[in-house]
Amino acid sequence: MTNDAQNRTQWLGRWGFVLAATGSAVGLGNVWKFPYMTGEYGGGAFVLVYLACILAIGVPVMMTEIALGRRGRGSPIDAIRRVTSESGGTSLWSLLGWMAMLCGFMILCFYVVVAGWSFSYLWKMLTGGLAGSSVDDMAAIFGANNESPFNLGFWSTLVTVATMVIVGKGVQGGIEKSVSWMMPGMVVMLVIMIAYGALSGGFGEALHFLFAFNAGSLSSEGMLAAMGHAFFTLSLASGAILTYGSYLPRNASIGRTTLTVAVADTLVALMAGLAIFPVIFANGMEPGSGPGLIFMSLPLAFQAMPLGTLFGILFFVMLSMAALTSSISMVEATVSWLTDNKGISRRTASWGTGILLWVISTLAMLSFNVGAEWTLAGKHFFGWLDYLTSRWMMPLGGLGMVLLAGFVLKSESLREELGLSPVVHGLWLFMVRYVSPLGILVIFVDALGIAKLQFGSHWPWLLLALVVITLVGELASPRLKRAFGA
Ligand code: TRP
């Protein structure tokens with residue numbers, strides 16, 4: 001390990017990592033995507049599968065990423081290269097780091113556009129631009145907001161600049177400082193919003209919708225969406241958590257921190273549901289209205305309620321902060337790689353990355369107006385960024401990481417890094433070797449269209465496959481270790 005790596009910056013406060021990682025995890029995914037996906041895929045059953053995916057795939061992958069980051073003390077590329085070479089593995093594994101870094105950057109290119117929606121709706125709320133609008137008006141307003149590249153571009157540029165300014169100020173002075181007030185602020189606002197929802201009259205219906213298990217609505221499509229979303233919502237396999245982990249002090253427990261972040265992220269998603277759906281139901285609206293849910297239905301519902309504008313403002317402030325604490329994490333991998341390897345200052349690295357981000361995100365933004373026709377195989381540029389990252393790069397990266405940790409790296413080095421009790425370590429190893437890879441493979445099998453796996457009816461076969469794979473894997477693992485290195 002180089003001297004550089006040993007002297008790497010660390011989080012200043014005891015809660016620095018937890019706040020920053022929770023800030024990364026809690027974002028548009030929780031407040032925008034999770035509620036509308038739950039609405040589309042039928043409520044409680046989707047929620048249950050999502051929770052199972054967080055536990056079976058999300059938590060083990062996150063622990064692995066943090067361990068890789070802390071042991072390798074560097075950006076995803078450098079950290080993975082160091083950790084693998086420590087175990088005598090091939091340097092080809094650093095490709096995994098390259099993919100993760102690229103993936104984080106690509107996500108950010110469309111994320112700033114959606115975050116821009118949030119900022120623009122905050123502005124509309126503040127200036128009373130939505131007052132007195134009807135259902136039809138709302139759709140028209142959403143459309144008009146997208147139609148002008150200058151309007152939409154203004155808001156995504158604003159998000160880009162804000163992100164780069166924070167990241168440019170450094171890990172402690174920028175990232176840690178901003179999350180240490182934004183995260184508590186967000187939680188307070190969310191609690192106020194839930195109290196408001198509870199008084200709105202639709203609370204019981206919302207509870208039922210989110211938590212009543214309705215097996216009939218369990219589609220294979222919904223299951224796969226739930227798995228993809230587990231990766232997205234925990235910011236996995238895209239460099240964010242790994243890089244944040246590289247700043248984690250040695251004495252922090254990776255298991256406990258991961259659980260804290262995963263639980264906090266899940267709670268916020270459920271809380272966002274409890275803040276949004278009561279308002280939707282109280283106003284007799286449809287929960288399944290898709291990506292426009294919080295931009296069309298919700299503002300409309302607020303219109304009709306006492307103090308609605310105030311709570312609407314609160315909601316979009318909260319959403320915008322959630323988006324920013326996530327966007328800074330997506331770019332940190334790239335900035336950290338540039339400063340570590342290219343001998344440039346953090347400030348220069350941030351501005352350079354920001355300019356590239358601005359160019360590509362502007363192209364993504366154009367998908368909603370002048371570039372709507374620039375499609376490839378029916379998807380515009382924004383759609384491609386989302387599709388490639390969520391469906392392919394994140395699951396593939398996650399698969400690579402668990403296989404690396406499960407079969408390539410020396411068991412002692414991981415045991416030392418994770419510091420778990422033998423039983424919990426064994427459980428983690430079982431998850432990263434068999435449960436998580438099988439879960440991820442199932443996403444691929446479906447995405448490739450090889451088979452439509454109806455989990456509802458096929459789960460006994462999947463369980464059997466898991467048992468067989470585990471037996472074969474345990475028998476073959478010493479051989480695999482020899483073949484791959486360690
Ligand atoms: N987890 C964030 C959300 O739910 C999004 C996010 C932040 C992210 N960093 C990421 C997603 C890195 C993938 C990769 O909104």
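## Around Met-318 and beyond

Let's start inside: leaving aside residues up to four places away in sequence, Met-318 touches Val-31, Met-186, Met-189 and Leu-190. A touch here is a contact, meaning heavy atoms within 4.5 Å. Before going on, note that this is a predicted model, where local features need pLDDT of at least 70 and side-chain atom pairs count only at pLDDT 80 or more, while totals for chains, interfaces and linings use all residues. Residues are numbered from 1 along each chain as its sequence is written, and side-chain values use heavy atoms, with hydrogens and water left out.

Met-318 sits in helix α15, which covers residues 308-341. Is Met-318 buried or exposed? Its relative accessibility is 1%, so Met-318 counts as buried. The cut-offs are under 20% relative accessible area for buried, over 50% for exposed, and partly exposed in between, using a 1.4 Å probe and protein chains only. Met-318 also has a partner from far along the chain: Gly-27 is 291 residues away in sequence, yet the two C-alpha atoms are separated by 9.6 Å.

Now for the whole protein. There are 20 helices and two strands, both read as DSSP runs numbered from the N terminus (H or I with at least four residues for helices, E with at least two for strands). The C-alpha trace spans about 70 × 55 × 45 Å along its principal axes. For 486 residues, a compact globule would have a radius of gyration near 23 Å, and the protein's 22 Å agrees with that. That radius is taken over C-alpha atoms, and the globule rule is 2.2 Å times the number of residues to the power 0.38.

Buried residues make up 58% of the 486. If you take contacts between residues at least 6 apart in sequence, 82% of them join residues at least 24 apart. The accessible surface comes to about 19,000 Å², with 69% belonging to carbon and sulfur atoms; such areas come from the Shrake-Rupley method with a 1.4 Å probe, and for residues only the protein chains shown count as cover.

What about the nonpolar cores? Each is a set of buried Ala, Val, Leu, Ile, Met, Phe, Trp, Tyr and Cys residues joined through side-chain atoms within 4.5 Å. The largest has 157 residues, and Phe-295, Phe-302 and Phe-315 touch the most other members. Helix α6 (residues 94-126) gives the most to this core, with 20 residues. A second, separate core has six residues, among them Phe-407, Met-431, Leu-438 and Leu-466. Back to Phe-302: not counting residues up to four places away in sequence, its contacts include Met-125, Met-193, Tyr-196, Val-279 and Phe-315.

Two residues in loops have a positive phi although neither is a glycine. Here they are side by side:

| Residue | Phi | Loop | Relative accessibility |
|---|---|---|---|
| Arg-73 | about 45° | between α4 (44-72) and α5 (76-86) | 4%, buried |
| Ser-235 | near 55° | between α11 (220-233) and α12 (240-245) | 10%, buried |

Finally, have a look at His-208 in helix α10 (residues 203-211). With 57% relative accessibility, His-208 counts as exposed. Its C-alpha is 7.9 Å from that of Gly-44, although the two are 164 residues apart in sequence.
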